[in-house]
Amino acid sequence: MTDAIKNTSQGKVAIIGIGCRLPGGADGHQAFWRNLVQGKDCVTPTPADRYDLITLASRHRDKPGRLAAGRGGYIDGFDEFEPGFFGISPREADHMDPQQRKLLEVAWEALEDGGQRPADLAGGNTGVFVGAFTLDYKILQFADLGFGTLAAHTATGTMMTMVSNRISHCFDFRGPSLTVDTACSSSLVTVHLARQSLLRGETDLALAGGVLLHMAPQYTIAETKGGFLSPSGRSRAFDASAEGYVRAEGVGLLALKRLEDALADGDPVHAVILGSGVNQDGRTNGITVPSGDAQIQLVRQVCAEAGISPGDLQYVEAHGTSTPVGDPVEANALSRVLAEGRTPGSACYVGSVKTNIGHTESAAGVAGLIKTALALRHRLIPPHINLERLNPAIDREASPYEIPTRLTPWPEHDGPARAGVNSFGFGGTNAHVVLEEPPGRPAPAPGTPRSPLPPHGPPPAPPPP
């Protein structure tokens, strides 16, 4: 490795691979990007294979046992899986949470996207960091009070720890394997933890992201009672008519390496992580009420670690849930902090992917990060949809940023293009990540082949006892 690469990549982490399943038929980051640049609204009526809307849906949240709207963001084929590819028996797969199943698929695809051979990583210190929040499949298996649905594989199939540990076991990864629950900020927290692990030398490659799938109505009913969800089933972040968020499904994992290693190994680089951080709101007016001051403090801290000022960011992917309380708090906090160190007249934009796909909760942070990484790479900012009239509680005059309602070229700037990704959990745990465009490097000679990936999955696991 040259000294120039070392000097420019110290403390930086490369996103070398992306795997995802997101609403709107996005079975990969290419399809996801197409949906974003087209401004597609991927929120749809709840499919019949999730739960019975005829008896459960209602616009009146005070009715016992009812849920709001009956709309959300849903992935295709959520229950489809080829267990033999991963050395899993059909009997075991039947009791495995579909969240575990989809994460295995997406982990393979993130590695494949990064040009990595999973078999070559077996026995090494690859880490797995997964954000998770709800366990609908556990509800379904434990609902039978006669206990007839419980079987030998129920424990490993339904417990939260296995969301990450299943990947490590299947691929024989020996690095840290953690499932993280900070609710809606979970997956961005995992990126922070994975970055720390890489920079400490604890791991040489890490998978980080999150998952959320809907199979039972209980959590949606509970969130309806709490007043979090939109009665109309529309995601309208920062709009005056925002009345709550729309629940959505999502699975996303990033393959991460230290930047100097990625460059030396000739890996693809989608974007570079300059800095990351996590903090807490502490005591607010309610445990689900966010703190603007805590968000400002975190953005300052992460930017300082990255060696930049908040004013150096040209774009911020906001949490932007579409709640009447949370949206103004975040928007006004970003107005204050993004003005710091900003050159007069330099453009900045803020948007939220939740207007396209809904709120994927424990996968929300990674969905926003994937969007932002792709935007940096393509030098385009996707439109923020469903914005007709700005929430009057947002101080537009004090904002140094605009909310783009059409596909927008990346603004002119000095130095590398940079962006932030904001996320906060409903219990008060905030996360922020600062990204930079991928570094320029000489193109490979025409016709230079990359080593092909093996055609088959991991070696078969031994049969269950």
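Here are four short exercises on the predicted model above, each with a worked solution.

Residues are numbered from 1 along each chain as its sequence is written. In this predicted model, local features need pLDDT of at least 70, side-chain atom pairs count only at pLDDT 80 or more, totals for chains, interfaces and linings use all residues, and side-chain values use heavy atoms, with hydrogens and water left out.

**Exercise 1. Overall build**

Find how many helices and strands the protein has.

Solution. Start with the DSSP runs, where a helix is H or I with at least four residues and a strand is E with at least two. That gives 16 helices and 16 strands. Next, take the radius of gyration, computed over C-alpha atoms, and set it beside the globule rule (2.2 Å times the number of residues to the power 0.38). The protein comes out at 21 Å, close to the 23 Å that the rule gives for 465 residues, so it is as compact as a globular protein of that length. Finally, 57% of the 465 residues are buried, where buried means under 20% relative accessible area, exposed over 50%, and partly exposed in between (1.4 Å probe, protein chains only).

**Exercise 2. A salt bridge across the sequence**

Work out which parts of the chain are linked by R21 and E105.

Solution. First check the contact: a salt bridge needs a side-chain nitrogen of Lys or Arg within 4 Å of a carboxyl oxygen of Asp or Glu. R21 and E105 meet at 3.3 Å, N to O. Now place them: R21 sits in strand β1 (residues 13-21) and E105 in helix α5 (residues 98-113), 84 residues apart. Both R21 and E105 are buried.

**Exercise 3. A bridge between two helices**

Decide whether R195 and E305 are buried or partly exposed.

Solution. Begin with the salt bridge, in which the closest N and O atoms of E305 and R195 are 3.0 Å apart. E305 lies in helix α13 (residues 292-306) and R195 in helix α10 (residues 186-199), so the pair ties together parts 110 residues apart in sequence. E305 counts as partly exposed because its relative accessibility is 43%. R195 has a relative accessible area of 4%, so R195 is buried.

**Exercise 4. A nonpolar patch**

Identify which residues make the nonpolar surface patch of about 500 Å².

Solution. Look for residues with over 30% relative accessible area and no salt bridge, joining nonpolar side chains (Val, Leu, Ile, Met, Phe, Trp, Tyr) within 5 Å. The patch is made by F142, L145, F147, L150 and M159. F147 falls in the loop between α7 (136-142) and α8 (154-158). F147 counts as exposed because its relative accessibility is 52%.

Technical notes. Patch = residues over 30% accessible without salt bridge, like charges linked within 9 Å, V, L, I, M, F, W, Y side chains within 5 Å. Areas by Shrake-Rupley, 256 points an atom, 1.4 Å probe, with all protein chains shown as cover.
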